[in-house]
Amino acid sequence: SAIKLDGGWCVDGGILDFQPELDPRYGETIYVSPFYFSGVDICPSRYMPVWWAFLPSPDPNTIDWMYDLGYCDSLAWMERRS
């Protein structure tokens, strides 16, 4: 389902690969994926086992690493666009 966040709509396509596209007249659609091999705007820059998207590692350090990687990859995407 969609939620409104900071004046913009956020939609999670989940495992169904449902990725709606916003009409360009109203803004930009930014695609994010947990898979490093996806052709999307933001995805992991390092190899990550595919099953971690559904069954993350039980190691808290790995979870922290995944979070930090996502944060850094998002910042890198924003820097490339500026």
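**Exercise 1. Work out which residues of helix H1 are exposed and which are buried, and describe how the two groups are placed around the helix.**

Solution. Begin with the exposed side of H1, where Pro60, Asn61, Tyr67, Tyr71 and Glu79 are found in this predicted model. Next, collect the buried residues of the helix, which are Thr62, Met66, Leu69, Asp73 and Trp77. These buried residues lie on the same side of H1, because they cover an arc of only 70° around the axis. The exposed group that opened this solution sits on the other side of H1.

**Exercise 2. Describe the length of H1 and a polar contact at its start.**

Solution. Count the residues of the helix, of which there are 22, and then take the distance from the first C-alpha to the last, which is 32 Å. This reach is close to the 32 Å expected at 1.5 Å a residue. Then turn to the start of H1, where a side-chain oxygen of Asp59 comes to within 3.0 Å of the backbone nitrogen of Asn61.

**Exercise 3. Find what Met66 and Trp77 meet outside their own stretch of sequence.**

Solution. Take Met66 first, a residue of helix H1. Once the neighbours within four places in sequence are set aside, Met66 is in contact with Met48 and Trp52. Pro34 is 32 residues away from Met66 in sequence, while their C-alpha atoms are 9.7 Å apart in space.

Continue with Trp77, which also has its place in helix H1. Its relative accessibility is 10%, and since buried means under 20%, Trp77 counts as buried. With neighbours within four places again left out, Trp77 is in contact with Ile30, Asp41 and Ile42. For Ile42, the separation along the chain is 35 residues, yet the C-alpha atoms of Trp77 and Ile42 are separated by 6.6 Å.

**Exercise 4. Decide for two loop residues, Ser33 and Asp6, whether each is buried or exposed, and add one further detail about each.**

Solution. Locate Ser33 in the loop between strand S2, residues 8–11, and helix H1, residues 60–81. The relative accessibility of Ser33 is 10%, so this residue counts as buried. As a further detail, the side chain of Ser33 reaches the backbone nitrogen of Phe35 at 3.1 Å.

Now locate Asp6, which is in the loop between strand S1, residues 2–5, and S2. Asp6 has a relative accessibility of 79%, and because exposed means over 50%, Asp6 counts as exposed. Its backbone supplies the further detail, in that phi of Asp6 is near 50°, a positive value in a residue other than glycine.

**Exercise 5. Summarise the whole protein, including the confidence of the prediction.**

Solution. List the elements first: the protein has 1 helix and 2 strands, and along the sequence they follow the pattern β-β-α. Then consider burial, where buried residues make up 17% of the 82 residues. The protein exposes about 6800 Å², of which carbon and sulfur atoms supply 59%. Among contacts between residues at least 6 apart in sequence, 20% join residues at least 24 apart.

Finish with confidence, for which the average pLDDT is 83, with 88% of the residues scoring at least 70. Confidence is lowest in S2, at a mean of 75, and highest in H1, at 94.

How values were computed: Residues numbered from 1 in each chain as written. Predicted model: local features only at pLDDT ≥ 70, side-chain atom pairs only at ≥ 80, totals over all residues. Heavy atoms only, no water. Helix = DSSP H or I, 4+ residues; strand = E, 2+ residues; numbered from the N terminus. Buried < 20%, exposed > 50% of the residue type's maximum accessible area, 1.4 Å probe, protein only. Polar contact = N/O pair within 3.5 Å; in protein donor to acceptor, adjacent residues only side chain to side chain. Contact = heavy atoms within 4.5 Å. Areas by Shrake-Rupley, 256 points an atom, 1.4 Å probe, with all protein chains shown as cover. Expected span 1.5 Å × (residues − 1). Arc of directions from axis to C-beta. pLDDT = per-residue confidence, 0-100.
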